[in-house]
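Student: I'd like to go through this structure with you, starting with the rings and then moving on to whatever else comes up. Could you take me through it?

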Amino acid sequence: AVLTFLHLLYLADFFDLYHANRFQDALEVASKSELVPADEASVEAAARKLRTYDDAVRECIPDLLSALMTCIYNIYQNSVLPSPKPQILQRLQHMASVVLRYASEVNQIYHLPLDLLPALLKAQAHIT
């Protein structure tokens with residue numbers, strides 16, 4: 001019950017920051033929450049771990065994935081497009097790839113909304 005409360009608290013913080021257009025801060029909260037993997041190597045384990053979470057948390061995952069990709073894309077538009085910085089671009093591409101791979105893994109366990117994976121893929125394709 002305590003873990004569920006903490007996850008829901010992180011989700012509330014994340015979405016508050018997201019809706020305030022504080023995308024970098026939202027990504028940092030998502031990272032701390034451990035609800036999403038930090039890198040490619042932890043994607044499968046994170047998807048398996050999702051099975052242990054309460055339904056109240058799991059039901060938020062599709063919205064979280066969509067919002068994460070939106071954060072990444074908005075950071076890309078605001079910081080990379082005006083003056084391309086290879087390190088930032090590479091980090092954002094990596095983050096987008098992790099979100100997409102995690103969504104694919106989660107989709108094998110829990111069926112995500114049909115339009116979510118194509119939308120994530122489309123957003124990732126724009127981060128080039």
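**Aromatic pairs and other features**

Tutor: Gladly, and please keep in mind throughout that this is a predicted model. To begin with the rings, the structure holds five aromatic pairs.

Student: Take Y18 and F23, then: what is the geometry of that pair?

Tutor: The ring centres of Y18 and F23 are 6.1 Å apart and the planes meet at 65°, and because an angle over 60 degrees counts as edge-to-face, that is the class of this pair.

Student: And the rings of Y73 and Y76, how are they arranged?

Tutor: For Y73 and Y76 the centres lie 6.2 Å apart with the planes at 35°, so this pair is classed as tilted. Both residues belong to helix α5, where they are three residues apart, which is about one turn of the helix.

Student: Is Y76 buried or exposed?

Tutor: Y76 is buried, with a relative accessible area of 5%, whereas Y73 is partly exposed at 25%.

Student: Back to Y18, is that one buried or exposed?

Tutor: Y18 counts as buried, since its relative accessibility is 18% and the cut-off for buried is under 20%. Its partner F23 is also buried, at 11%.

Student: Which residues do the ring pairs link into a cluster?

Tutor: The cluster is made up of F14, F15, Y18 and F23, joined to one another through ring pairs.

Student: Changing topic, how much space is in the largest pocket?

Tutor: The largest pocket holds about 260 Å³ of space. It is lined by 15 residues, and those closest to its centre are L27, S31, P37, A38 and M95.

Student: Which helices supply at least two residues of that lining?

Tutor: Those are α2, spanning 23–33, α5, spanning 61–80, and α6, spanning 86–109, each of which supplies at least two residues of the lining.

Student: What does the lining look like by class?

Tutor: The lining of the largest pocket has ten nonpolar residues, together with three polar and two charged ones.

Student: How many disulfides turn up?

Tutor: A search of the whole structure finds zero disulfides.

Student: Why is there no bond for C60?

Tutor: The closest cysteine sulfur to that of C60 belongs to C71 and is 15 Å away, which is too far for a bond, given that a disulfide needs the two sulfur atoms within 2.5 Å. As for their surroundings, C60 is partly exposed with a relative accessible area of 22%, while C71 counts as buried at 0%.

Student: Where is R58, and what does it touch?

Tutor: R58 sits in helix α4, which covers residues 55–58. If one leaves aside its neighbours within four places in sequence, R58 is in contact with L50, R51, Y53 and Y110. With a relative accessibility of 18%, R58 counts as buried.

Student: Last one, S66: which residues is it in contact with?

Tutor: Setting aside, once again, the neighbours within four places in sequence, S66 is in contact with L116 and L120. S66 is found in helix α5, and it is partly exposed, with a relative accessible area of 32%.

Student: How far apart are the C-alpha atoms of S66 and Y53?

Tutor: The C-alpha atoms of S66 and Y53 are separated by 19 Å, and the two residues are 13 residues apart along the chain.

Notes
Residues numbered from 1 in each chain as written. Predicted model: local features only at pLDDT ≥ 70, side-chain atom pairs only at ≥ 80, totals over all residues. Heavy atoms only, no water. 1 Å grid on protein atoms, 1.4 Å probe; cavity = no way out; pocket = protein on both sides within 12 Å on 5 of 7 lines; lining within 4 Å. Points joined across faces, edges and corners; volume = space filled by probe spheres on them. Helix = DSSP H or I, 4+ residues; strand = E, 2+ residues; numbered from the N terminus. Nonpolar A, V, L, I, M, F, W, Y, C, P; charged D, E, K, R; others polar. Phe/Tyr/Trp six-rings, centres within 6.5 Å; stacked < 30°, edge-to-face > 60°. Buried < 20%, exposed > 50% of the residue type's maximum accessible area, 1.4 Å probe, protein only. Contact = heavy atoms within 4.5 Å.
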